[in-house]
Each structure stands twice: as structure tokens, then as C-alpha cells.
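The questions below take up salt bridges, a helix, a pocket and a loop residue in turn, and each answer reasons towards the value or name requested.

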Amino acid sequence: MSGFLETGLLSPVTAGTVAEGELTDAAWLQAMLDAEVALAAAQADIGVLPRDAADVIAKAAAAHDIDARTVALSARETANPVVGLIKELTRVVGEIDPRAADYVHRGSTSQDILDTGAMILAKRVLELVATDLGYVGEALADLAAEHCGTVMAARTLAVQAVPTTFGLKASGWRELVLDARARVLAVADALPVSLGGAAGTLAGYLEYAGPEGADPGAFVEKLNAAFARRTGLAESGLPWHALRAPIADIGSTTAFVAGALGKFAVDVLTLSRTEIAELAEPAPPGRGISSAMPHKRNPVLATMIRSAALQVPALSVILTQSLLSEDERSAGGWHAEWLALRECLRLTGGAAQTAVDLSRGLQVRPERMSDNLALLGGQPSAERLSAALTPRLGKGPAKSVVSAVVDHAVTAGLSLRDASAAHPEIAACLSRAEIDELLNPKTYVGAAGQLVEAAITRLI
């Protein structure tokens, strides 16, 4: 058996996705090593660490034999994995060049390395999410344009309301997806390096800087800029060991993304019900099969997306609560972030990748939409009939007449068209042809077409 290895067995929405691969224990370990490499290189860039030592550290981090499980077990004694990792990295560096070993982790602290590594991975995954959201937006724009005039029943409080178009529904999904993408990009671009030293004063960095640290403000500015350049992250303002805005931002953003994709998934699940059947997922051979029922083809893509959307907001609360970090570093609060952060990123990345497949292969059934809309015999357009009668009868009386006719149609099993044509007050105001036109759902979709056209011009 694989023992301690996490295989994704209980998380199908993430299993095998790019985001999962970017967030393994090995990837986290390497990201922390990358942070150490970038820090040494940055210190070399500003002249406070020998370039050859920085090169040896980079060589050791690229070709190491450090075992993640060993590092993890050592964290039982230190409450974080960086201490054990630095010990192992120092060993590997010393095997290459003993003189370079003294320059590993010089002036730094565990939180600088773990937080910077986390930001490197978060930026990488959020950029993947943004790319996938762009693909989803493109696919939904195509659906919206193709079905701009495809009439279907709008549903409010679970029952048919008035006619709408599938194009407008798809445009709404896309609007949320584009909003989510904009938030992801904004957060990804702002993720900072962590540079604070033992307690946020950078005293250790300055102490090892020697004469280069004579002007603390200038030194910190140079080191911050060099570290950011080496990692591809943003420069930090104040040290943020206990100012957890970047973590909270990731939490709230992943929750929004998961929710936006979840709205898409929930609608697909509803409209895929056997009794509705207006949509269907792409179903290549083997997808959606049941272990017991040969006839079943379950909507698995939407199901997986929804599962992520139900989990991420709850996990993001842990990240938001990290803002309540006490003192200059939190005991337990910082530590509680790590798994929640990984799961928020992994689930959101898995949901976004899954949504690409769903949006690109979604099957739309206009004929079923039309059939379902016809079930109520014109009732979804009753609002329009009432509006047409208002100039003759007054608003209140017109609504009362139409409500009574609707009740009669339901009780007698008539279409609203037939019940309206037989009602004396309505027949005195409107011809049968006018009633038929008023109750035609295809001509009562308001500004749906214009709304779709305006929405799909919004660029990815």
C-alpha cells in the first residue's frame, strides 16, 4: 500500500488535474527550496552574499535527495517543516561545497520561506485558474451567441415564471466567470514575497549584511526588490507574518471562483434532470456510468464542480480568520492555514479545469425547452396579458381577471389561451388572434436578445 501518500481517492474533482500536480507535498517542498534559492540569489544581487555560494545553493536545490516524509516528521519537533528542510538543504549544500553551507538561510526565518513558497505556488495555480476561466468564458460566449433567441422557461422559486432565452442564461454564467477571472488575476499579480526575519524587523538580514546594511531603509528596499524579481512575486510592504491579507485574499477569491462555477454547475444539474432534460453533459463512453444501473448517465462534471463549490467557501473561512493573528507571529493560526490554503487552491483549480470540459461539450436541447414551456398552455405569459388589459380595465381589475382565468384554466384543464378567449371581459377587449400573440412565449422575452449581445461583447 502507498501508506502516507495522498492519492486523490476522495477528491475526484482534483484527481489528475494540473492544479493537483502543482500542489503535491513534493511541489511544496520544492517551492520552499525555490524561495531559499531566490533569497540567496537576491542577497548576491545586492552584494551581501558571495555569488558562488548562491550558485551552490541553487545547484543543491535543483538536484537534492531530500525526502519530504523525513522533513514532515521532523516538523513534529518544530511545528513547521522549514526547520527540518533547512537542515537537509544545508547538508546537501555542504556535500557540494562546505564553504557555501554557512550562507544557507542567512538572516531569514521559517515563515519567510514557507510563506514565500506558498505565494509562488498560489500564483502559479491562480494563473492556471485564470486561463481555464478564460476558456470557460469563451465557450459560454459561443453558447450565448448561438442560443440568443432560443426561448425557454425562466424559473423562480423552482417553478416556471416568464419566458427567457438560453442565451441570456449562458450570458449570466459567463458574467460570473469573467468577474471571477478578473479577481483571480488581481490577486495573483499582487501576491508578495515574505521578508521579515525573526519578528518582522529584518534585523537578521541587516546584521549579516555588514556595511551594506548601514542604511537600513535602502538595504531593505534593495533586498525586497531583488527577492521579488527572483521569485516573480510582488514586493512586500510591511512584513506580513501577522498581517495575513494575502492569505485572506486567496481565500475570498477562491471562494468566489468556486461559487461562480458552482452556479453554472447547479443550473446544469437542474436542467439535466430527466423530467426537464433541457441540457445534457458531454458523455464520452464510460463517463457517468452507475455501478448498479445500466441506464444511468450521471452528470458527473457538474457534480464534481458543485462538490468543490460546497467545500471551498467553508475552507476559505479558515484563511479569513488568519487575519486574527496575535503578536508578531501566530501560534497555531499560521499553521492552520497551510492545508486549507492548499485545498482552496486545489479544489478551485480542479473545478476550473472541469468547467472547461463542461462548457465546451454542453448539449443544449431547444426542442425540449420549447416543450416544457408549452406545458402550462401560455401561463408564463400571463403577466403580458394582464399588462395588455390594463389600459381597458385598470391595473388592479386586469390582474384580478387574469388571475381568475388562470385559476379556471388550471381547474378545468384548459390552456390559458382557450380560457382567456372564453372569458367575457377579456373577449370584449381582445380578439383570439391578439390573445394568441400575447401568450406566445417566443414574443415575450423582453430585452433578452439585446442583453445577450451587450454581454458577449465584454472581452475575456
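Q: What is the distance from N to O in the salt bridge between the side chains of Arg-51 and Asp-45?
A: This is a predicted model, and every value given here is computed from it. A salt bridge needs a side-chain nitrogen of Lys or Arg within 4 Å of a carboxyl oxygen of Asp or Glu, and the side chains of Arg-51 and Asp-45 meet in one. Arg-51 is partly exposed, with a relative accessible area of 37%, and Asp-45 is likewise partly exposed at 28%. The distance from N to O in this pair is 2.7 Å.

Q: Which residue forms a salt bridge with Arg-91, and is that partner buried or exposed?
A: The closest N and O atoms of the pair are 2.9 Å apart, and both residues lie in helix α5 (residues 81-96), 3 residues apart, about one turn of the helix. In an α-helix there are 3.6 residues a turn, so residues three or four places apart point the same way. Arg-91 counts as partly exposed at 30% relative accessibility, whereas its partner has 18%, which is under the 20% limit and therefore counts as buried. The partner, which is buried, is Glu-88.

Q: How many residues apart are Asp-436 and Arg-432 in helix α18?
A: Asp-436 forms a salt bridge with Arg-432, and the closest N and O atoms are 3.1 Å apart. Asp-436 counts as partly exposed at 29% relative accessibility, and Arg-432 is partly exposed too, with a relative accessible area of 40%. Within helix α18 (residues 432-438) the two are separated by about one helical turn, because their spacing along the chain is 4 residues.

Q: Which residues do salt bridges that share partners join into one network, and how many salt bridges does the count come to?
A: The network is joined by salt bridges that share partners, and its members are Asp-45, Arg-51, Arg-229 and Arg-230. One of its links is the pair formed by Arg-51 and Asp-45, at 2.7 Å from N to O. For the model, the count of salt bridges comes to 19.

Q: How far apart are the end C-alpha atoms of helix α2?
A: Helix α2 (residues 25-45) has 21 residues, and at 1.5 Å a residue it should span 30 Å. The helix is mostly covered, since 16 of its 21 residues are buried, and just after α2 Gly-47 takes a positive phi of about 85°. The end C-alpha atoms agree with the expected span, being separated by 30 Å.

Q: How many nonpolar residues are in the lining of the largest pocket?
A: About 980 Å³ of space lies in the largest pocket, which is lined by 24 residues, with Asp-25, Trp-28, Ala-72, Leu-339 and Arg-342 nearest its centre. The elements that give two or more residues to this lining are α2, α4 (68-74) and α12 (333-361). By class, the lining has 7 charged and 2 polar residues, while the nonpolar residues number 15.

Q: What separates the C-alpha atoms of Glu-235 and Ala-225?
A: Glu-235 is found in the loop between α9 (216-231) and α10 (245-271), and at 47% relative accessibility Glu-235 counts as partly exposed. Leaving aside residues up to four places away in sequence, Glu-235 touches Pro-192, Val-193, Asn-224, Ala-225 and Ala-228. Although Glu-235 and Ala-225 are 10 residues apart along the chain, their C-alpha atoms are separated by 6.0 Å.

Definitions and conventions: Residues numbered from 1 in each chain as written. Predicted model: local features only at pLDDT ≥ 70, side-chain atom pairs only at ≥ 80, totals over all residues. Heavy atoms only, no water. Buried < 20%, exposed > 50% of the residue type's maximum accessible area, 1.4 Å probe, protein only. Expected span 1.5 Å × (residues − 1). 1 Å grid on protein atoms, 1.4 Å probe; cavity = no way out; pocket = protein on both sides within 12 Å on 5 of 7 lines; lining within 4 Å. Points joined across faces, edges and corners; volume = space filled by probe spheres on them. Nonpolar A, V, L, I, M, F, W, Y, C, P; charged D, E, K, R; others polar. Contact = heavy atoms within 4.5 Å.
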